[in-house]
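Me: I am new to this structure and would like a close look at a single part of it. Please take one helix, explain how it sits in the whole, and take your time over the answer.

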Amino acid sequence: MADFSPAAVSTPSAPGADDRWRQTHLGRLMGSALRRFDARVLQLMAHNVEVPLALSNLAARDQVTAAHVHITRHLALQGDRLTDLAQRAGMTKQAMANLVDQCEAWGLVTRQADPLDARARRVCFTPTGLAWLQAFRDAVAQAEAEFRAEVGQDVATVVAIGLEAYAGGDTGV
């Protein structure tokens, strides 16, 4: 278990001081856990027989990345403008446009006229994209079950409650 006490994370005062904290601080652990979780989700999706074969092959060859999962996580079922999608995903509009271009080429999404604004376009799931979304949901459920099995139900519950509180908190920054 990592030591997060003030003494353990204090600034080193001399060369050669203990700097293990850089590998074990909470942010690093959360980032590592997220990368592991996303990799497992993509692995499960690559082997899901419900995922269209071309997409399964892309996932199996690591062509689909955690960045592409941003669209899966953030695109509303009724579609979104690119700027709204990028904002929810915490990405620039240009970076999201590149992901949408790739996902459109793969048949996951399409761009359609926005019924509320003739000048705007909406990014929407295709039927293939909705199948991908269901495979994502199934993979997330399995990865969460594996997490609970590995760390125990009580720890998994505390982690989920803690992350919900932290993610929803306002730090005033």
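Reply: A residue is called buried here when its relative accessible area is under 20%, and exposed when that value is over 50%. The model is a predicted one, and the part chosen is helix H5, which covers residues 82–89. Within H5, the buried residues are Leu-82, Leu-85, Ala-86 and Ala-89. When the helix is viewed down its axis, these buried residues fall within an arc of 95°, so they line one face of H5. An α-helix has 3.6 residues a turn, so residues that are three or four places apart point the same way. Just after H5 comes Gly-90, whose phi is positive, at about 70°.

To place the helix in its surroundings, the protein chain has eight helices and three strands, and 28% of its 173 residues count as buried. The largest nonpolar core has 28 residues, and Val-41, Met-45, Ile-71, Leu-75, Met-96, Val-100 and Val-109 are those with the most contacts inside it. H5 is one of the elements that give two or more residues to this core, and the others include helix H4 (66–74), helix H6 (93–105) and strand E3 (117–125). The most is given by H7, with six residues. Ile-71 offers a view of how the core is joined: leaving aside neighbours within four places in sequence, Ile-71 is in contact with Met-96, Leu-99, Val-100, Cys-103, Val-109 and Phe-125.

Terms used. Residues are numbered from 1 along each chain as its sequence is written. This is a predicted model: local features need pLDDT of at least 70, side-chain atom pairs count only at pLDDT 80 or more; totals for chains, interfaces and linings use all residues. Side-chain values use heavy atoms; hydrogens and water are left out. Buried means under 20% relative accessible area, exposed over 50%, partly exposed in between (1.4 Å probe, protein chains only). Helices (H or I, at least four residues) and strands (E, at least two) are DSSP runs, numbered from the N terminus. The arc is that of the directions from the helix axis to the C-beta atoms. A nonpolar core is a set of buried Ala, Val, Leu, Ile, Met, Phe, Trp, Tyr and Cys residues joined through side-chain atoms within 4.5 Å. Contact means heavy atoms within 4.5 Å.
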